Amino acid sequence: MKIVRVHYTIATEFVARNKENIAGVADELRAINHPGIKYSTYLLPDGKTFMHFDHFENEEAHQTLMGLQSFKKFETELWSCRFETEPKLEILSLVASSTDILG
């Protein structure tokens with residue numbers, strides 16, 4: 001299993017577009033229904049800091065996400081915005097979970 005956490009803060013004027021792009025990624029993931037990908041994104045209380053928290057069965061599943069047209073659009077538009085805090089990517093290790101994350 002590969003667990004990825006990414007967080008960043010963007011300029012307020014880009015928040016709505018970023019939310020739309022993230023929803024596009026989630027929609028495409030629901031459409032392909034890949035059992036080895038659990039994708040979620042959260043908006044922190046400041047209203048402009050995003051945290052992506054993703055679980056992948058393996059590296060191939062991670063590459064599937066990154067190859068989606070919606071993800072490429074999200075990533076391209078994200079890097080064209082004005083960051084207040086640039087993205088920080090962390091690879092995490094699961095210690096315990098109350099549910100079977102990848103079912």
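**Exercise 1. Classify the accessibility of P35 and locate this residue.**

*Solution.* Step 1: P35 has a relative accessible area of 59%, and exposed means over 50%, buried under 20%, and partly exposed in between (1.4 Å probe, protein chains only). P35 is therefore exposed. Step 2: P35 is found in the loop between α1 and β2; helices (H or I, at least four residues) and strands (E, at least two) are DSSP runs, numbered from the N terminus. Step 3: The C-alpha atoms of P35 and P45 are separated by 31 Å, at 10 residues apart along the chain.

The model is predicted: local features need pLDDT of at least 70, side-chain atom pairs count only at pLDDT 80 or more, and totals for chains, interfaces and linings use all residues. Residues are numbered from 1 along each chain as its sequence is written, and side-chain values use heavy atoms, with hydrogens and water left out.

**Exercise 2. Describe the sheet, its order and its edges.**

*Solution.* Step 1: An open sheet is formed by 4 strands in the order β2-β3-β1-β4, with antiparallel pairing. Two strands pair if DSSP finds at least two bridges between them. Step 2: β2 (37-43) and β4 (83-92) are the edge strands, each pairing on one side only. Step 3: On average, neighbouring strands of this sheet are turned by 10° against each other, direction ignored. Axes are lines fitted to C-alpha atoms, for helices over the stretch in contact, and angles run from 0 to 180 degrees between N-to-C directions. Step 4: Helix α1 packs on the sheet and touches β1, β2 and β3, while its direction makes about 165° with that of β2. Contact here means heavy atoms within 4.5 Å.

**Exercise 3. Give the register of β2 against β3 and examine their hairpin.**

*Solution.* Step 1: β2 and strand β3 (residues 49-56) run antiparallel and are joined by 7 bridges. Step 2: T41 stands opposite H52 in β3, and the bridge partner of Y39 in β3 is D54. Step 3: The hairpin of β2 and β3 has 5 residues between the strands, and G47 takes a positive phi near 80° in this hairpin. As background, strands of a sheet pair through backbone hydrogen bonds, either parallel or antiparallel.

**Exercise 4. How many salt bridges does the whole structure contain, and what does the pair K2 and E59 join?**

*Solution.* Step 1: The criterion is a side-chain nitrogen of Lys or Arg within 4 Å of a carboxyl oxygen of Asp or Glu. A search of the whole structure finds 9 salt bridges. Step 2: In the salt bridge of K2 with E59, the closest N and O atoms are 2.6 Å apart. Step 3: K2 lies in strand β1 (residues 2-10) and E59 in helix α2 (residues 59-67), so this pair ties together parts that are 57 residues apart in sequence. Step 4: K2 counts as buried at 18% relative accessibility, whereas E59 is partly exposed at 38%. Step 5: H62 is placed in helix α2 and is buried, with a relative accessible area of 10%. Leaving aside neighbours within four places in sequence, H62 is in contact with K2, V4 and F56.

**Exercise 5. Analyse two salt bridges within helix α1.**

*Solution.* Step 1: E20 and R17 meet in a salt bridge at 3.0 Å, N to O. Being 3 residues apart in helix α1 (residues 15-32), E20 and R17 are separated by about one helical turn. E20 is partly exposed at 48% relative accessibility, and R17 is partly exposed at 36%. Step 2: R30 and D27 form a salt bridge at 2.4 Å, N to O. R30 and D27 also lie 3 residues apart in helix α1, about one turn of the helix. R30 counts as exposed at 57% relative accessibility, while D27 is partly exposed at 44%. Step 3: Salt bridges that share partners join R17, E20, K73 and E77 into one network.

**Exercise 6. Characterise the largest pocket by volume and lining.**

*Solution.* Step 1: The volume of the largest pocket is about 310 Å³. On a 1 Å grid over the protein atoms alone, a pocket is an open set of points where a 1.4 Å probe fits, with protein on both sides within 12 Å along at least five of seven lines; lining residues have an atom within 4 Å of a point. Grid points are joined across faces, edges and corners, and a volume is the space filled by probe spheres set on the points. Step 2: The lining comprises 16 residues, of which V6, F71, F74, E75 and L89 lie nearest the centre of the pocket. Step 3: The elements giving two or more residues to this lining are β1, β3, α2, α3 (69-79) and β4. Step 4: α3 gives the most, with 5 residues.
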